[in-house]
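Please load the model in your viewer, with the sequence panel open beside it. The tour below proposes a series of selections and describes what each of them shows.

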Amino acid sequence: MCARRGYFAVPDSNVTAEQRTAQLDEAIRSSLDSSELGLDVQVEPVDVSGIRKLKIQTKLDSTQLRLEEHSGVWTDNLDVAWAEYDSAGRSLGTVSQSISVKLSQQRREAISREGIIFSETVGVRSGAVEARLAVRDAGSGTIGSVNISLTRLFAAATTPQLPRK
């Protein structure tokens with residue numbers, strides 16, 4: 001008996017900008033993490049004279065991205081959204097951006113081992129107790145998202161350390 005092992009999926013190349021935005025919005029509004037696209041997110045509070053800020057480092061598994069080769073350059077686009085919510089679950093605002101990825105063959109080989117890493121420092125709105133980060137790979141349509149408890153994060157940063165005896 002012969003049977004195929006697995007399948008080869010090709011994303012729908014007819015996805016409009018509105019559909020891409022809607023998919024990212026749906027992921028950012030969900031209280032559940034999405035793991036289609038693996039994200040390793042490290043967040044640390046930054047003390048800037050009473051202003052709440054976060055340094056966010058995001059690492060993507062580049063083997064999950066659908067990079068396309070054109071004349072020796074590997075390309076893809078990533079849609080990134082950051083949203084903050086108050087204690088009642090109301091949105092305090094969302095910021096999104098697209099990141100264009102362009103890699104030489106040598107750089108592509110390096111990130112296949114290391115992953116794609118990008119960092120940013122963002123200000124946190126007053127009243128925000130939770131944040132969500134979502135990343136969508138335009139090439140494959142896969143989405144990864146994480147929820148971040150700001151209350152716990154900032155409480156840990158302001159808890160005084162007791163002297164050791």
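Begin with the whole chain in cartoon view and trace it along the sequence, where the protein follows the pattern α-β-β-β-β-β-α-β-β-β-α, with three helices and eight strands. This is a predicted model, so a first colouring by pLDDT is useful: the protein averages a pLDDT of 84, and 86% of the residues score at least 70. With that colouring on, compare strand β7, where confidence is highest at a mean of 94, with helix α3 (residues 150–158), where it is lowest at 76. Then select residues 6–11, over which pLDDT stays under 50 and for which the model has four contacts beyond four places in sequence.

Before leaving the overall view, colour by accessibility: of the 165 residues of the protein, 31% count as buried. Among contacts with a separation of 6 or more, 67% are between residues 24 or more positions apart.

**The open sheet**

Next, select β1, β2 and β6, which form an open sheet of three strands in the order β1-β2-β6, with antiparallel pairing. The edges are taken by β1 (39–48) and β6 (116–123), and because each has a single partner strand, one side of each is left without a neighbour in the sheet. Neighbouring strands of this sheet are turned by 15 degrees against each other on average, direction ignored.

Zoom in on β1 and β2 (residues 51–60), which run antiparallel and are joined by 10 bridges. Two pairs can be picked out here: V43 stands opposite I56 in β2, and V48 stands opposite I51 in β2. The two strands form a hairpin with two residues between them, and S49 in the turn has a positive phi of about 40 degrees.

Stay with strand β2 and select L60, which is found in this strand. Is L60 buried or exposed? L60 is buried, with a relative accessible area of 0%. Display its surroundings and, leaving aside neighbours within four places in sequence, you will find L60 in contact with L37, G38, L39, L78, G115, I116, F118 and V135. For V135, which is 75 residues away from L60 along the chain, the C-alpha atoms of the two residues are separated by 9.1 Å.

**Around strand β4**

Now select β4 (residues 73–85), a mostly covered strand in which 10 of the 13 residues are buried. Its pairings can be visited one after another.

Look at β3 (residues 68–70), which runs antiparallel to β4 and is joined to this strand by three bridges; the bridge partner of E69 in β4 is W74. β3 and β4 form a hairpin with two residues between them, and S71 is found in the loop between these strands. Show S71 as sticks and check its backbone: this residue has a positive phi of about 55 degrees although it is not a glycine. For context, most residues other than glycine have a negative phi. In contrast to L60, which is buried, S71 is exposed, with a relative accessible area of 78%.

Move on to β5 (residues 91–104), which runs antiparallel to β4 and is joined to it by 13 bridges. L78 stands opposite I99 in β5, and L78 is also among the residues in contact with L60. Which residue in the turn of the β4–β5 hairpin has a positive phi? With five residues between the two strands, the turn contains G89, whose phi is positive at about 85 degrees.

Add β7 (residues 130–137) to the selection: β4 and β7 pair in the antiparallel sense over eight bridges. In this pairing V80 stands opposite V135, and V135 is the residue met earlier as a contact of L60.

**Charges over rings**

For the last stop, show the side chains of R132 and Y85, where the charged end of R132 sits over the ring of Y85, 4.0 Å from its centre. Then select R52 and F154: R52 lies over the face of F154, at 4.8 Å from the ring centre. A search for pairs of aromatic rings, with centres required to lie within 6.5 Å, gives a count of zero.

Key: Residues are numbered from 1 along each chain as its sequence is written. This is a predicted model: local features need pLDDT of at least 70, side-chain atom pairs count only at pLDDT 80 or more; totals for chains, interfaces and linings use all residues. Side-chain values use heavy atoms; hydrogens and water are left out. Two strands pair if DSSP finds at least two bridges between them. Helices (H or I, at least four residues) and strands (E, at least two) are DSSP runs, numbered from the N terminus. Axes are lines fitted to C-alpha atoms, for helices over the stretch in contact, and angles run from 0 to 180 degrees between N-to-C directions. Buried means under 20% relative accessible area, exposed over 50%, partly exposed in between (1.4 Å probe, protein chains only). Rings of Phe, Tyr and Trp (its six-membered ring) pair if their centres lie within 6.5 Å; planes under 30 degrees apart count as stacked, over 60 as edge-to-face and the rest as tilted. A charge sits over a ring if NZ of Lys or CZ of Arg is within 6 Å of the ring centre and within 35 degrees of the ring normal. pLDDT is the predictor's confidence in each residue, from 0 to 100. Contact means heavy atoms within 4.5 Å.
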